[in-house]
Amino acid sequence: MQILLVENEKLTLDGIYRTLPWSELGVSQVHRAMNGVQGVQIAKEIMPEIIITDIKMPRLDGIGMARCIREFLPQSTIIFMSAYTEKELFINAIEVLAFGWLEKPLNIADMAEMIRRAVRFQKKRIQQEENLDQLRGDYEDSLSVIKSVCHDNAVFANSIPAKLRRQIEPDSGEQMNPLIRRLCSYVAESYTDPDICLQSMADKLGVSVPHLCAVIKQELGCTFVTLLTSTRIENAKRLIAKSANLRVRDIAEMVGYRDANYFIKVFKKRTGVSPADYREDME
């Protein structure tokens with residue numbers, strides 16, 4: 001976590017830098033600037049998560065600097081320091097979405113607590129963004145599985161309607177049914193759970209089981225069980241290809257099967273070979 005300190009009084013700037021226990025607060029790097037113009041330049045270079053700035057500064061004040069930084073760092077956390085309490089300053093701080101306000105003369109304990117809160121806030125934001133990225137990745141994986149099912153399984157492929165073929169082919173210009181989109185994302189996220197079922201998916205999607213069955217059949221031309229099984233087996237194939245050290249039992253558990261023997265049976269039915277033979281072929 002990086003912090004940018006902006007303060008035109010060098011004694012104050014150095015005092016803050018030397019006094020606070022940065023590592024204990026979850027801060028890895030602290031950068032310093034002595035006016036708003038310098039603050040914008042450094043912010044562009046290091047892209048800090050947290051910015052603590054004075055308001056009254058020469059060349060470019062803290063409010064003006066914050067407005068500039070918001071243009072390229074909209075997710076940054078900005079904390080203002082000031083000995084001034086004019087109403088206009090508070091209004092301007094609100095306009096640039098200030099996280100907090102520290103009154104001068106500074107209380108180090110209050111400042112440390114404010115920084116702790118800012119670090120927690122940024123960590124939570126970053127985690128949420130990573131979770132969203134993971135969901136996007138899961139969705140892309142689910143589309144990849146459906147494509148693989150279409151191309152590798154003749155029986156399933158023949159049952160896929162032309163509409164879905166156009167949906168999953170790149171540059172087709174046709175969008176997937178929103179309910180199926182969410183279903184694919186949930187399946188990609190939850191296929192490792194051995195208890196996943198049509199009812200649990202319907203509950204997550206907020207629809208009835210009969211309605212979900214009808215939409216799956218209409219859009220995919222198959223059943224939920226077929227989609228789930230295909231997702232599990234395709235991911236099992238990837239695990240086998242990536243790691244020669246994983247036992248078949250471990251792979252079965254990782255893709256949602258409690259019974260390794262049943263997994264082997266399903267895998268062979270889906271691919272035509274056992275997991276062991278598939279691994280030998282891959283080698």
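Which residues are exposed on the other side of H14? In this predicted model, helix H14 spans residues 275-282 and has Pro275, Tyr278 and Arg279 buried. These three residues lie on the same side of H14, because the arc they cover around the axis is only 100°. An α-helix has 3.6 residues a turn, so residues three or four places apart point the same way. On the other side of H14, the exposed residues are Glu280 and Asp281. The buried residues of H14 pack against three helices, namely H11 (224-242), H12 (248-254) and H13 (260-271).

The helices that H14 packs against also contribute to the largest nonpolar core: H11, H12 and H13 each supply at least two residues, as do H8 (178-190), H9 (198-205) and H10 (209-220). This core holds 31 residues, of which Leu183, Leu212, Ile216, Phe224 and Phe263 touch the most other members. With seven residues, H11 gives the most to the core. When residues up to four places away in sequence are not counted, Leu183 touches Met201, Leu205, Leu212, Ile216, Phe224 and Leu227. A second core, separate from this one, has 21 residues, including Ile16, Leu20, Ile79 and Ala118.

The model also contains an open sheet of five strands, in the order E2-E1-E3-E4-E5, with parallel pairing. Strands E2 (29-33) and E5 (100-103) are at the edges, and each pairs on one side only. On average, neighbouring strands of the sheet are turned by 20° against each other, direction ignored. Strand E4, residues 77-82, pairs with E5 in the parallel sense over four bridges. Phenylalanine 80 has tryptophan 101 in E5 as its bridge partner.

Conventions. Residues are numbered from 1 along each chain as its sequence is written. This is a predicted model: local features need pLDDT of at least 70, side-chain atom pairs count only at pLDDT 80 or more; totals for chains, interfaces and linings use all residues. Side-chain values use heavy atoms; hydrogens and water are left out. Two strands pair if DSSP finds at least two bridges between them. Axes are lines fitted to C-alpha atoms, for helices over the stretch in contact, and angles run from 0 to 180 degrees between N-to-C directions. Buried means under 20% relative accessible area, exposed over 50%, partly exposed in between (1.4 Å probe, protein chains only). The arc is that of the directions from the helix axis to the C-beta atoms. Contact means heavy atoms within 4.5 Å. A nonpolar core is a set of buried Ala, Val, Leu, Ile, Met, Phe, Trp, Tyr and Cys residues joined through side-chain atoms within 4.5 Å.
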